[in-house]
Amino acid sequence: MEESPLLELWAGKADVEEYRGCRLRVGQETEPPAWPPDQVLLYDAGWRAVLAVEGPEARKWLNGMITANGRYRVPGRWVPSFQLDPKGHILAELSVACTGADDFLLLSDETQRAGLLERLRRFVFISKLTITDASAAWSAVQWRGPGSGAAAVAAGVAADRKSVV
């Protein structure tokens with residue numbers, strides 16, 4: 001994604017700049033107020049790139065490509081991970097969200113998208129999986145605050161408070 005889908009909402013209300021490869025709101029005209037304990041703040045996370053890895057061999061293949069342990073990748077959860085070179089140098093930082101038994105979303109910075117996608121595709125060979133760039137179809141917001149679980153349920157983005165992590 002090269003531009004946040006929320007960009008239109010901020011027209012004339014804040015500075016719009018590039019952040020991690022995506023044009024979005026990064027500044028505001030006034031200092032933010034102190035965070036009241038009963039409020040929920042919503043952050044634009046449109047700077048995240050999304051790659052979908054799907055197929056019957058996706059879990060096994062990912063175990064050899066990234067640092068996240070496969071046993072922690074269960075549907076409905078995400079884990080932080082890295083892509084490393086053979087010497088252990090970090091090539092990319094990402095989060096892995098498991099959306100099904102063998103379906104995963106790799107969330108990374110927009111600036112890392114092209115390189116990560118190219119390096120992953122290079123090692124598919126004959127594995128039964130597909131890697132697609134799903135960035136244009138996805139965006140993200142981050143909810144912060146003690147009432148964020150209840151707010152997510154009220155907004156219809158979570159089935160219950162326990163499903164908000």
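Four salt bridges: that is the count in this predicted model. Let me take them in turn.

Start with Arg48 and Asp109. Their side chains meet in a salt bridge, 3.6 Å from N to O. The pair links distant parts of the chain. Arg48 sits in strand E4, residues 48-54, and Asp109 in strand E7, with the two positions 61 residues apart in numbering. Buried or exposed, this Arg48? Buried, because its relative accessible area is 13%, under the 20% cut-off. Asp109 is buried too, at 10%.

Next, Glu110. Arg113 forms a salt bridge with Glu110, and the closest N and O atoms are 2.6 Å apart. Glu110 counts as buried because its relative accessibility is 8%. Which residues are linked in a network of salt bridges? Glu110, Arg113 and Asp133.

Now helix H2, residues 113-122. Here the side chains of Glu118 and Arg122 meet in a salt bridge, at 2.8 Å from N to O. Why about one helical turn between them? Because Glu118 and Arg122 are four residues apart in H2. Glu118 is partly exposed, with a relative accessible area of 43%. Arg122 is partly exposed as well, at 45%.

On to the strands. Asp109 lies in E7, so let me work back from there, looking at E7 as residues 103-109. E7 pairs with E6 in the antiparallel sense, over six bridges. One partnership to note: Ala97 has Leu105 in E7 as its bridge partner. E6 and E7 form a hairpin, with two residues between them.

E6 covers residues 90-100. E6 is also joined to strand E5, residues 78-84. How many bridges join E5 to E6? Seven, and the strands run antiparallel. Within that pairing, Phe82 has Glu93 in E6 as its bridge partner. E5 and E6 make a hairpin too, this one with five residues between the strands. In that hairpin, Gly88 takes a positive phi near 90°.

Last, the surface. Which residues make the nonpolar patch? Phe82, Leu84 and Ile90, over about 260 Å². We have just met Phe82 as the partner of Glu93. Ile90 lies in strand E6. Ile90 counts as exposed because its relative accessibility is 53%, over the 50% cut-off.

To recap. Arg48 and Asp109 join E4 to E7 across distant parts of the chain. Glu110, Arg113 and Asp133 form a salt-bridge network. E6 pairs with E5 through seven bridges, and with E7 through six.

How values were computed
Residues numbered from 1 in each chain as written. Predicted model: local features only at pLDDT ≥ 70, side-chain atom pairs only at ≥ 80, totals over all residues. Heavy atoms only, no water. Patch = residues over 30% accessible without salt bridge, like charges linked within 9 Å, V, L, I, M, F, W, Y side chains within 5 Å. Areas by Shrake-Rupley, 256 points an atom, 1.4 Å probe, with all protein chains shown as cover. Buried < 20%, exposed > 50% of the residue type's maximum accessible area, 1.4 Å probe, protein only. Pairing = 2+ DSSP bridges.
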